[in-house]
Amino acid sequence: MNKSRIELLDVVALTVDLPEYNLYRGQVGTVVELLADGAAFEVEFSDRSGRTYESVGLRPEQFMVLHFEPASPESVPEMVTA
């Protein structure tokens with residue numbers, strides 16, 4: 001699994017708090033639209049019943065893609081030690 005590109009329908013988690021939207025680090029959403037040629041993404045946040053409670057445009061550094069399959073050794077970045 002060597003996936004570094006963010007794609008439509010990727011499941012993501014916030015890495016920052018966005019209190020102006022009542023969203024906080026760790027909340028899970030789904031990428032529903034690519035914006036600005038992939039420089040930003042519309043992420044939809046839904047409750048357990050599937051009802052959307054927020055949809056926000058985010059930059060890639062504000063979230064991380066969640067992976068549900070084991071990573072191959074080639075896709076794991078090497079640890080840099082001093």
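How many helices and strands does the secondary structure of the chain come to? The tally is zero helices and five strands, with both element types taken as DSSP runs numbered from the N terminus (helices are H or I over at least four residues, strands are E over at least two). Along the sequence, that gives a plain β-β-β-β-β pattern. The model is a predicted one, so local features are reported at pLDDT of at least 70 and side-chain atom pairs at pLDDT 80 or more, while totals for chains, interfaces and linings take in all residues. Residue numbers start from 1 along each chain as its sequence is written, and side-chain values rest on heavy atoms, with hydrogens and water left out.

Now for the sheet itself. The five strands make up an open sheet in the order β4-β3-β2-β1-β5, with antiparallel pairing (two strands pair if DSSP finds at least two bridges between them). β4 and β5 (63-65) sit at the edges with a single partner strand each, so one side of each has no neighbour in the sheet. From one strand to the next, the twist averages 40 degrees; the axes behind this value are lines fitted to C-alpha atoms (for helices, over the stretch in contact), and angles run from 0 to 180 degrees between N-to-C directions.

Two hairpins meet at β3. On one side, strand β2 (residues 28-35) pairs with β3 in the antiparallel sense over five bridges. Within that pairing, Val 31 faces Val 43 across the strands, and Leu 35 stands opposite Ala 40. Four residues separate the two strands of this hairpin. One residue of the loop between β2 and β3 is Ala 36, which has a positive phi of about 50 degrees despite not being a glycine. Ala 36 also counts as exposed, at 57% relative accessibility. On the other side, β3 and strand β4 (residues 52-58) pair in the antiparallel sense over six bridges, with Glu 44 opposite Ser 55 in β4. Here five residues lie between the strands, and Gly 50 takes a positive phi near 90 degrees.

Another backbone oddity turns up in the segment before β1, where Leu 9 is found. Leu 9 is not a glycine either, yet its phi is positive at about 75 degrees. With a relative accessible area of 62%, Leu 9 is exposed.

What about burial? Buried residues account for 24% of the 82 residues in the chain, where buried means under 20% relative accessible area, exposed over 50%, and partly exposed in between (1.4 Å probe, protein chains only). Strand β3 (residues 40-46) has five of its seven residues buried, so the rest of the structure largely encloses it. The chain exposes about 6,100 Å², and carbon and sulfur atoms supply 52% of that area (Shrake-Rupley method with a 1.4 Å probe; for residues, only the protein chains shown count as cover).

In soluble globular proteins, nonpolar side chains tend to be buried together. The largest nonpolar core here has 13 residues, of which Val 43, Leu 58 and Phe 63 touch the most other members; such a core is a set of buried Ala, Val, Leu, Ile, Met, Phe, Trp, Tyr and Cys residues joined through side-chain atoms within 4.5 Å. β1 (11-14), β3, β4 and β5 each supply at least two residues of this core, and β3 gives the most, with three.

Phe 63 deserves a separate look. Its relative accessible area is 5%, which makes Phe 63 buried. Leaving aside residues up to four places away in sequence, Phe 63 touches Ile 6, Val 12, Ala 13, Leu 14, Thr 15, Phe 41, Val 43 and Leu 58 (a contact means heavy atoms within 4.5 Å). Across the chain, among contacts between residues at least 6 apart in sequence, 38% join residues at least 24 apart.

A search of the whole structure finds one aromatic pair. The ring centres of Phe 41 and Phe 63 are 5.8 Å apart with the planes at 90 degrees, so the pair is edge-to-face. The pair links distant parts of the chain, with Phe 41 in strand β3 and Phe 63 in strand β5, 22 residues apart. Rings of Phe, Tyr and Trp (its six-membered ring) pair if their centres lie within 6.5 Å, and planes under 30 degrees apart count as stacked, over 60 as edge-to-face and the rest as tilted. Phe 41 counts as buried too, at 4% relative accessibility.
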